[in-house]
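Here is a briefing on the fold shown below. Keep the structure open while you read.

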Amino acid sequence: MAVPALKEASAAIEEAKKKEESAFFDVGVDRSEMGRPESLRYSILTWVLEERYDRAIEELKDFLDKPSEYPNFKNKVTRYIHHSIDLIYAIKAKRSFPGINSLTRAKQQELREKFKEHYKELQYILKVVEKIQGDLRVADVRSTIYVVRALWLATVGIIILGFWLDIVNGLMKTSIVVFDDGFGKLANWLAERIGF
């Protein structure tokens with residue numbers, strides 16, 4: 001009976017160490033700074049906080065390999081994604097530092113500050129990736145608006161040209177004939193009045 005009690009005590013000690021270590025690396029994350037729940041930033045930061053670094057790295061690589069609607073998206077974000085992966089490795093190294101409890105308080109604090117710094121930088125880099133994606137989306141919408149506006153102006157121009165040609169070739173010729181006939185009748189009437 002002593003062995004199960006020993007296992008339970010050992011498990012409780014391990015759990016207490018884990019809680020102490022997670023409290024040591026507590027970043028004080030504001031959930032609103034993690035982005036929308038369906039965003040890349042939210043997923044990656046959640047995986048990092050839950051210490052599932054391999055899953056976060058895998059998701060970043062999948063995001064980079066996924067085909068994009070925008071042709072130059074991959075070129076713009078590749079270096080940011082690679083830097084994010086490096087930051088995740090750095091965070092992993094800081095959190096799983098062997099013998100952290102044997103370090104002095106100053107070194108532990110320095111390690112904790114480096115962890116926070118890496119985490120904040122990762123958060124910033126992921127915001128930059130989202131901004132690039134948003135900027136490309138806006139540029140795409142703008143170019144679509146320009147194309148639609150150009151088509152609209154071309155259509156209006158063609159309609160105005162059609163009316164102009166119709167007036168010049170149809171109505172104007174008719175008007176000249178009517179004016180010429182009216183002028184001829186007026187001239188004949190005046191000639192009759194004068195006696196020519």
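**Briefing: helices, core and ring pairs**

Helix α5 bends by about 35 degrees at I167. The model is predicted. Its protein chain holds 5 helices and 0 strands. From the N terminus on, the order of elements is α-α-α-α-α.

**Helix α5**

- α5 covers residues 105-194, which makes 90 residues.
- At 1.5 Å a residue, α5 should span 134 Å, and its end C-alpha atoms are 125 Å apart, so the two values agree.
- G195 comes just after α5 and takes a positive phi of about 105 degrees.

**Helix α4**

- α4 runs over residues 73-95.
- Its 23 residues should span 33 Å at 1.5 Å a residue; the end C-alpha atoms of α4 are 32 Å apart, which agrees.
- α4 also has a bend, of about 30 degrees, at R79.
- The buried residues of α4 include the nonpolar F73, V77, I81, I85, L87, I88, A90 and I91.
- Y80, S84, K94 and R95 of α4 are buried too.

**Burial and surface**

- The protein chain has 196 residues, and 24% of them count as buried.
- The chain exposes about 14,300 Å², with 61% of that supplied by carbon and sulfur atoms.
- Among contacts in the chain with a separation of 6 or more, 69% come from residues 24 or more positions apart.

**The largest nonpolar core**

- In soluble globular proteins, nonpolar side chains tend to be buried together.
- Here the largest nonpolar core has 29 residues.
- Which of its members touch the most others? They are I44, V48, L60, I81, I88 and L122.
- α2 (40-49), α3, α4 and α5 each give two or more residues to this core.
- α5 gives the most, with 9 residues.

**Two residues of α4 and their contacts**

- I81 touches L60, F63, L64 and V129, leaving aside residues up to four places away in sequence.
- Is S84 of α4 buried or exposed? S84 has a relative accessible area of 0%, so this residue is buried.
- Leaving aside residues up to four places away in sequence, S84 touches L60, L122, I125 and L126.
- L60 thus appears in both lists, as a contact of I81 and as a contact of S84.

**Aromatic pairs**

- How many aromatic pairs does the structure hold? There are 2.
- The ring centres of F63 and F73 lie 5.8 Å apart and their planes meet at 85 degrees, so this pair is edge-to-face.
- F63 belongs to helix α3 (residues 53-65) and F73 to helix α4, so the pair ties together parts that are 10 residues apart in sequence.
- F63 has 11% relative accessibility and therefore counts as buried.
- F73 is buried as well, because its relative accessible area is 5%.
- The other pair is F179 and F183, with ring centres 6.5 Å apart and planes at 20 degrees, so these rings are stacked.
- F179 and F183 are 4 residues apart in helix α5, which means that about one helical turn separates them.
- Both F179 and F183 are exposed, whereas F63 is buried and F73 is buried.

Definitions and conventions: Residues are numbered from 1 along each chain as its sequence is written. This is a predicted model: local features need pLDDT of at least 70, side-chain atom pairs count only at pLDDT 80 or more; totals for chains, interfaces and linings use all residues. Side-chain values use heavy atoms; hydrogens and water are left out. The expected span of a helix is 1.5 Å times one less than its number of residues. The bend at a residue is the angle between axes fitted to the seven residues ending there and the seven starting there. Buried means under 20% relative accessible area, exposed over 50%, partly exposed in between (1.4 Å probe, protein chains only). Contact means heavy atoms within 4.5 Å. Accessible areas come from the Shrake-Rupley method with a 1.4 Å probe; for residues, only the protein chains shown count as cover. Rings of Phe, Tyr and Trp (its six-membered ring) pair if their centres lie within 6.5 Å; planes under 30 degrees apart count as stacked, over 60 as edge-to-face and the rest as tilted. A nonpolar core is a set of buried Ala, Val, Leu, Ile, Met, Phe, Trp, Tyr and Cys residues joined through side-chain atoms within 4.5 Å.
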